[in-house]
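Dear colleague,

I am passing on a structure that you have not worked with before, and below it you will find my notes on what was found. Please read them with the model open beside you.

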Amino acid sequence: MAHYELYDDEGQTDNEQCPRCGDTFLADHGDRLHCGACSYTEWQ
């Protein structure tokens with residue numbers, strides 16, 4: 001059971017993909033974007 005919707009009706013997402021992994025989405029933590037797979041972090 002999904003707790004959130006990643007894609008809209010057109011198959012688009014607002015989440016950015018990790019530049020290192022390429023197939024993992026970055027989690028938005030407000031002050032940073034973080035990849036759970038490789039620990040890549042972008043501070044905002």
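To begin with a single residue: is Phe25 buried, partly exposed or exposed? With a relative accessibility of 23%, Phe25 counts as partly exposed, because the buried class ends at values under 20% and the exposed class begins over 50%. Phe25 lies in the segment before S1, and its C-alpha atom is separated by 9.3 Å from that of Ala37, which is 12 residues away along the chain. Please keep in mind throughout that this is a predicted model.

As for the overall fold, the protein has three strands and zero helices, so that, read along the sequence, the pattern is β-β-β. Of the 44 residues in the protein, 11% are buried, and about 3,700 Å² is exposed, with carbon and sulfur atoms supplying 44% of that area. Among the contacts with a separation of 6 or more, 2% are accounted for by residues 24 or more positions apart.

The largest nonpolar core is made of five residues, namely Cys18, Leu26, Leu33, Cys35 and Tyr40. Leaving aside residues up to four places away in sequence, one of these core members, Leu33, touches Glu16, Leu26, Ala27, Asp28, Tyr40, Thr41, Glu42 and Gln44. With the same residues left aside, Cys18 touches Thr24, Leu26, Cys35, Cys38 and Tyr40, and Cys18 counts as buried because its relative accessibility is 2%. In the sequence, Cys18 is placed in the segment before strand S1 (27–28).

Two of the cysteines named above also belong to a set marked in a record: the unreviewed UniProt entry carries the annotation "binding site" for Cys18, Cys21, Cys35 and Cys38. Although these positions are spread over 21 residues of sequence, they cluster in space, the largest C-alpha distance being 8.8 Å.

Cys38, which is also in that annotated set, is found in the loop between strand S2 (32–34) and strand S3 (41–43). Again not counting residues up to four places away in sequence, Cys38 touches Cys18, Arg20 and Cys21. With a relative accessible area of 24%, Cys38 is partly exposed, whereas Cys18 is buried, and yet the two are in contact with each other.

With best wishes

Methods: Residues are numbered from 1 along each chain as its sequence is written. This is a predicted model: local features need pLDDT of at least 70, side-chain atom pairs count only at pLDDT 80 or more; totals for chains, interfaces and linings use all residues. Side-chain values use heavy atoms; hydrogens and water are left out. A nonpolar core is a set of buried Ala, Val, Leu, Ile, Met, Phe, Trp, Tyr and Cys residues joined through side-chain atoms within 4.5 Å. Buried means under 20% relative accessible area, exposed over 50%, partly exposed in between (1.4 Å probe, protein chains only). Contact means heavy atoms within 4.5 Å. Helices (H or I, at least four residues) and strands (E, at least two) are DSSP runs, numbered from the N terminus. Accessible areas come from the Shrake-Rupley method with a 1.4 Å probe; for residues, only the protein chains shown count as cover. UniProt positions are given in the numbering used here, feature names are shortened, and annotations may be inferred rather than shown by experiment.
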